[in-house]
Amino acid sequence: MNFENTQQYAQQLDQQDPLRSYRDKFHFPKVNGKEVIYFTGNSLGLQPKNAKKYVDEIMTDWAELAVEGHFQAEKPWWDYHERFAEKLAPIVGAKPSEVTVMNTLTVNLHLLMVSFYRPTSKRYKIIMEEKAFPSDQYMVASQVRFHGFDPEEAIITVKKREGEHYFRTEDVLQVIEETGEECALVLMGGVNYYNGQVLDMETITKAGKGIGAFVGWDLAHAAGNVELKLHEWDVDFAAWCSYKYMNSGPGNASGCFVHEQYHGQKDIPRFEGWWGHSKERRFLMEPEFQPEPDANAWQVSNAPVLALAPYLASLELFEEVGMPALNEKRNKIVAYLEFILQEVAEEVGGHFEIITPKERGTQLSVFLHGQGKELFHYLMKNGVVTDWREPNVIRLAPAAFYCSFTDMYEFGRILRGYFSSETRT
Ligand SMILES: *Cc1c(COP(=O)(O)O)cnc(C)c1O
């Protein structure tokens, strides 16, 4: 595409954007009375305006119906979580029966590892990426120790090559092959939180399963961001939080995927609770657990409907728009942001470098040469919300739902201002 770094051109792209009206469906924070340029939808998505209505609905039902709300509310609470599967399935490329919503992300990964990390003295190793998101590192290390193994020995990390900022698929495959029959589980972030790289989940899943390991994905940065085909790729399990690209609100519920080949198994190792028990028989209070026939068998507690309400509100927007339209806008707006960054870098003499590889979703990670946190604070003061990752990276994720091409242009203008001699002494 031949982009132009002008306001007029950016406005023209906005006029042609089929999703332009969705910006109005979200609340934007303001700085100096002006809506911010929001680049942190990869950390906490903006609040959909209809979220409050969904929460209020439950507050009203609770006030007016109290316990009867479980069955008499317009959206009854006892199976409220089941409203998610149909809407989430196309987002992650699953059958509705393979998807459920519960708990939070790290908790769900722990629960899923009960089923999918079953080490033996010969097969006990876990392959993950180096410098994985800290929660994932803690989770995996504690699981390994729980089973009596040494994390130092049992956790095999795939590394970036010297001087490179991304993981090479061939290197992942080599580690998988080398670990071979000792590998119990491959568990990686589908989209890397630091550099924004989209891993080749299909190829890696195939290789992991080829050596007889289970393969799971942490999709925190992937769900609602990139194309996923979990069922078709034959992924064993996956989980994602919903507050990043899925705009469900801080710390909110996690989605889970369990491939249908594991459904209906009564003897699979699993930590169980009454919400995973057969729906028809749940209130018979029987002593023996009868698993739900689908991913809902992994449910534990009754659904936290107040938390789920904003997630449901957000999913209705996803359902309306669909991932293909979001992907199309995402590709275009990220390419435009990249173009603007390159223009500014050329003008100011290359103070920064994009470290995100071409396999990417919404996020561009920008490595700053010789700049510190100062730039991050300058942007914030000027109404640009980004985030900072040590040692020297600013992450920019222009969410397709609500960011505009004019935002990208404006950001470039502000960035240039920072590097221009007037503002810097
Ligand atoms: C955001 C994120 C988490 C957060 O986990 P919570 O349990 O929701 O706090 C975990 N893993 C990855 C890869 C993330 O990006």
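**Domains, ligand site and backbone exceptions in a predicted model**

User: In this predicted model, what distance separates the centres of domain 1 and domain 2?
Analyst: The domain assignment splits the protein chain into domain 1, made of 7-42 + 322-424, and domain 2, made of 52-321. Taken over C-alpha atoms, the centres of domain 1 and domain 2 are separated by 30 Å.

User: Which three residues supply 22% of the area that domain 1 buries against domain 2?
Analyst: The size of an interface is often given as the accessible area lost when the parts come together. Here domain 1 and domain 2 bury about 2300 Å² between them, with 58% of it on carbon and sulfur atoms. On the domain 1 side, 22% of the area buried against domain 2 comes from three residues, more than from any other three: Met323, Ile355 and Phe401.

User: How many residues of domain 2 are in contact with domain 1?
Analyst: Contact here means heavy atoms within 4.5 Å. Domain 1 brings 30 residues to these contacts, and the number from domain 2 is 23.

User: Which residues form the salt bridge across the interface of domain 1 and domain 2?
Analyst: Side chains of opposite charge can pair when their charged atoms come close. The rule finds 1 salt bridge across this interface. Residue 227 falls in domain 2 and residue 330 in domain 1. With closest N and O atoms 3.7 Å apart, the pair is glutamate 227 and arginine 330.

User: Which element gives the most residues to the side of domain 1 that touches domain 2?
Analyst: Between the two domains, 11 residue pairs are in polar contact. On the domain 1 side, the elements that give two or more residues are helix 11 (323-348) and strand 17 (393-396). By class, that side has 13 nonpolar, 9 polar and 8 charged residues. The element that gives the most, with 5 residues, is helix 11.

User: Which side chain has a polar atom 2.5 Å from an oxygen atom of the ligand?
Analyst: The residues around the ligand include Thr106, His221 and Tyr243. An N or O atom in the side chain of threonine 106 is 2.6 Å from a ligand oxygen, and for histidine 221 the distance is 3.3 Å. The side chain with a polar atom at 2.5 Å is that of tyrosine 243.

User: How many residues apart are lysine 95 and glutamate 260?
Analyst: The count of salt bridges comes to 26. One pair is lysine 95 and glutamate 260, at 2.9 Å from N to O. Lysine 95 is in the loop between helix 4 (85-92) and strand 6 (99-102), while glutamate 260 is in the loop between strand 12 (254-258) and helix 10 (305-321); the separation is 165 residues.

User: Where is the cis peptide bond that has omega of about 5°?
Analyst: Most peptide bonds are trans. The loop between strand 16 (387-389) and strand 17 holds proline 391. The cis bond joins proline 391 to glutamate 390.

User: What is the phi of alanine 66?
Analyst: Most residues other than glycine have a negative phi. Alanine 66 lies in the loop between helix 2 (51-65) and helix 3 (69-72). Its phi is positive, near 45°.

Key
Residues numbered from 1 in each chain as written. Predicted model: local features only at pLDDT ≥ 70, side-chain atom pairs only at ≥ 80, totals over all residues. Heavy atoms only, no water. Domains from an automatic or database assignment. Buried area = accessible area lost by both parts, 1.4 Å probe. Salt bridge = Lys/Arg side-chain N within 4 Å of Asp/Glu carboxyl O. Polar contact = N/O pair within 3.5 Å; in protein donor to acceptor, adjacent residues only side chain to side chain. Helix = DSSP H or I, 4+ residues; strand = E, 2+ residues; numbered from the N terminus. Nonpolar A, V, L, I, M, F, W, Y, C, P; charged D, E, K, R; others polar. Near = heavy atom within 4 Å.
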